[in-house]
Amino acid sequence: MRSTYHMESMMILIAGPYRSGTNDDPELIRKNVEEMESYALPLFRAGHLPILGEWLALPLVALAGSKRIGDEAFHEIFHPVAVRLLEKCDAVLRVGGASAGADEMVRVGRELGLKIYMSAEEIPSVENQGRA
């Protein structure tokens with residue numbers, strides 16, 4: 001039998017702009033990732049498992065031989081990883097500004113019946129988190 005902790009804890013995909021509004025400037029992309037990552041620790045401390053698709057996709061993109069953002073290897077992996085990841089998630093947290101990719105994650109999440117949150121404040125903390 002699973003504990004109350006496990007029944008209430010969610011794996012939450014944090015979806016926000018990656019390339020949007022950056023003109024593929026690496027520094028602006030880094031800031032977009034940092035913005036998404038800024039939600040991860042508070043979600044973890046609230047008892048959830050936060051995840052960014054970028055954490056899984058970018059190493060695979062590099063392994064596939066991508067030479068630049070938007071090349072064939074990038075497109076083969078970047079968004080498909082997040083879509084596959086959504087099949088394992090319980091919820092999506094949509095953050096940041098305009099982003100076709102993040103909006104696609106919300107759309108797919110809705111199709112999968114996931115909880116969709118538009119602000120971190122909407123996400124409840126886990127009761128009786130316990131500490132390992």
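Which residue stands opposite Val 92 in β4? In this predicted model, the partner is Ile 116. The legends below start from that pair and move outwards.

**View 1. The open sheet, with four strands in the order β2-β1-β3-β4.** The pairing here is parallel. Look to the edges for β2 (49-51) and β4 (115-117), each of which pairs on one side only. Going from one strand to the next, the twist averages 25°. As a reminder, strands of a sheet pair through backbone hydrogen bonds, either parallel or antiparallel.

**View 2. Strand β3 and its partners β1 and β4.** On one side, β3 (residues 91-94) pairs with β4 in the parallel sense, over three bridges. Val 92 has Ile 116 opposite it in β4, and the bridge partner of Leu 93 in β4 is Tyr 117. As for β1, four bridges join it to β3, and these two strands run parallel as well. Leu 93 turns up again here, since Ile 14 stands opposite this β3 residue.

**View 3. Side chains of β3, and which way they point.** In a regular strand the side chains alternate between the two faces of the sheet. Here, Ala 91 and Leu 93 point one way from β3, while Val 92 and Arg 94 point the other way. Are these four buried or exposed? All are buried, Arg 94 included.

**View 4. Helix α6 lying across the sheet.** Three strands sit under this heading: α6 lies across β1 (11-15), β3 and β4. Relative to β3, the helix runs at about 155°.

**View 5. Helix α5 against helix α6.** Two packed helices are described by the angle between their axes and the distance between the axes. For α5 (residues 72-86) and α6 (residues 100-111), the axes come within 10 Å and cross at roughly 25°. An angle under 35 degrees counts as roughly parallel, so that is how α5 lies to α6. The crossing is right-handed. From α5, the contact is made by His 79, Ala 82, Val 83 and Leu 86; α6 brings Gly 101, Met 105, Val 108 and Gly 109. Sorted by class, the residues of this contact come out as five nonpolar, three polar and no charged.

**View 6. Helix α4 against helix α5.** Now for the other neighbour of α5 shown in these views: α4 (residues 53-63) packs on α5 at an angle of about 150°, with the axes 9 Å apart. Angles over 145 degrees count as roughly antiparallel, and α4 and α5 are therefore roughly antiparallel to each other. This crossing, too, is right-handed. The α4 side of the contact is made by Gly 53, Glu 54, Leu 56, Ala 57, Leu 58, Leu 60 and Val 61. The α5 side is made by Ala 73, Phe 74, Ile 77, Phe 78, Val 81 and Leu 85. By class, that gives 11 nonpolar, one polar and one charged residues.

**View 7. Phe 78 up close, in helix α5.** Why call Phe 78 buried? The relative accessible area of Phe 78 is 7%, and buried means under 20%. Setting aside neighbours within four places in sequence, Phe 78 is in contact with Tyr 18, Glu 54, Ala 57, Leu 58 and Val 61. Also worth picking out is Gly 53: its C-alpha atom and that of Phe 78 are separated by 7.8 Å, although the two residues are 25 residues apart along the chain.

How values were computed:
Residues numbered from 1 in each chain as written. Predicted model: local features only at pLDDT ≥ 70, side-chain atom pairs only at ≥ 80, totals over all residues. Heavy atoms only, no water. Axes fitted to C-alpha atoms, helices over the stretch in contact; angles between N-to-C directions. Parallel < 35°, antiparallel > 145°, perpendicular 65-115°, else oblique. Left-handed = near helix turned anticlockwise from the far one by under 90°. Contact = heavy atoms within 4.5 Å. Nonpolar A, V, L, I, M, F, W, Y, C, P; charged D, E, K, R; others polar. Pairing = 2+ DSSP bridges. Buried < 20%, exposed > 50% of the residue type's maximum accessible area, 1.4 Å probe, protein only.
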